[in-house]
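Let's take a walk through this one together. Have a look around first, and then we'll go through it piece by piece.

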Amino acid sequence: MSEVNGKVVIITGASSGLGEAAARMLALKGARLVLGARREERLKALVEAINADGGEAIYRVTDVACREQVDALAEAARDAFGRIDVLVNNAGVMPISPLNRLKVDEWERMIDVNIKGVLYGIAAVLPTMRDQRSGHVINISSVAGQVVSPAAAVYSATKFAVRAISEGLRQESRDIRSTNISPGAVTSELTESISDPRTAEGVGELYKLAIEPDAIARAIVFAIEQPGDVDVNELTIRPTRQPL
Ligand code: NDP
């Protein structure tokens, strides 16, 4: 039986893309899921589909930029299942553009969701995991958290931060596993928030080689499936044809 079976897994940003794919795959392996995002209709439909298929899932509408809502998501997990085994800090946004466009509101949004959202997630689950003397935090960074490219300075900064947070958590924890996953181009709704037309065009070209979200879902499953004394710390998953 899979090591995933019976584990209580919280996934943020579960209403589309990587988070949704991970939820579906983990449900098939017997995880008990607690799904968060802002779009309720999407979450509701996903939870209904998982439960109709014999899986076990609940949802709670959550804006990860709001600490109280992230705390409430963790509380929903404890209320429903009595523990928290895994947090997948997946929610993220990528409205990229060159710095000289001065899209400061979008910079702030990326910092709030991609960095603060990840930290709020960790704050919400860490006391429970410490009490349990076990737990696993999986943060979704990016290849943009390893290399910087034009128009992606702020997004990259947030994803470098995610890697730093993952590594810091790893160093500080003896009982809690920390996994940082850095995807390359993956088909999802992520690029839809790019408001700068030239940037959107360039990203559209790159994403012609994008791979499916299941590739990342498999990596998440792989990290969770390892025995408790094995901590998969870093995974980078690109399309084979992606140059950078
Ligand atoms: P999607 O846009 O398809 O999914 C993003 C998810 O995050 C959605 O479920 C969205 O749900 C949620 N989200 C956005 N803002 C918030 C918020 N404030 N509070 C709660 N949830 C929020 O993109 P992906 O699946 O691609 O993105 C998932 C992660 O993967 C992100 O962290 C992204 O940076 C990362 N990534 C993606 C890559 C790619 O090529 N696709 C490459 C590298 C990393 P809702 O709108 O309902 O709140």
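How far is an oxygen atom of the ligand from a polar backbone atom of Asn 90? The distance comes out at 2.8 Å, keeping in mind that what you are looking at is a predicted model. Taken on its own, the ligand would expose 870 Å², and the protein buries 96% of that.

Asn 90 isn't the end of the story for polar contacts. An N or O atom in the side chain of Tyr 155 sits 2.7 Å from an oxygen atom of the ligand. At Leu 190 the backbone does the job: one of its N or O atoms is 3.3 Å from a ligand oxygen.

Now zoom out to the whole shell. There are 31 residues around the ligand, and the ones that come nearest are Ser 15, Arg 38, Tyr 155, Ser 188 and Tyr 207. Sort the shell by character and you get 14 nonpolar, 11 polar and 6 charged residues. Helices H1 (17-28), H4 (104-132) and H5 (153-172) each put in at least two residues of this shell.

Next stop, the inside of the protein. In soluble globular proteins, nonpolar side chains tend to be buried together. Here the largest nonpolar core counts 37 residues, and Ile 11, Leu 26, Leu 33, Leu 35, Ile 138, Ile 181 and Ile 220 have the most contacts inside it. Quite a few elements supply at least two residues each, among them H1, strand E1 (8-12), strand E2 (32-37) and helix H2 (40-52). The largest share, 8 residues, comes from H7, the helix that spans 214-225.

To get a feel for the packing, pick Leu 33. Leaving out residues up to four places away in sequence, Leu 33 touches Val 9, Ile 11, Ala 23, Leu 26, Ala 27, Ile 50, Glu 56, Ala 57, Ile 58 and Phe 81. There is also a second, separate core of 35 residues, including Val 64, Leu 87, Met 110 and Ala 161.

Last, follow the chain to Arg 238, in the segment after strand E7 (234-237). Is Arg 238 buried or exposed? Somewhere in between: its relative accessibility is 35%, so Arg 238 counts as partly exposed. Beyond its neighbours within four places in sequence, Arg 238 is in contact with Val 143, Gln 146, Gly 184, Ile 211 and Leu 244. With Leu 244 there is a polar pairing too, as a polar side-chain atom of Arg 238 lies 3.3 Å from the backbone oxygen of Leu 244. Val 137, by contrast, is 101 residues from Arg 238 in sequence and 21 Å away in space, C-alpha to C-alpha.

Note on methods: Residues numbered from 1 in each chain as written. Predicted model: local features only at pLDDT ≥ 70, side-chain atom pairs only at ≥ 80, totals over all residues. Heavy atoms only, no water. Near = heavy atom within 4 Å. Polar contact = N/O pair within 3.5 Å; in protein donor to acceptor, adjacent residues only side chain to side chain. Areas by Shrake-Rupley, 256 points an atom, 1.4 Å probe, with all protein chains shown as cover. Helix = DSSP H or I, 4+ residues; strand = E, 2+ residues; numbered from the N terminus. Nonpolar A, V, L, I, M, F, W, Y, C, P; charged D, E, K, R; others polar. Buried < 20%, exposed > 50% of the residue type's maximum accessible area, 1.4 Å probe, protein only. Contact = heavy atoms within 4.5 Å. Core = buried A, V, L, I, M, F, W, Y, C linked by side-chain atoms within 4.5 Å.
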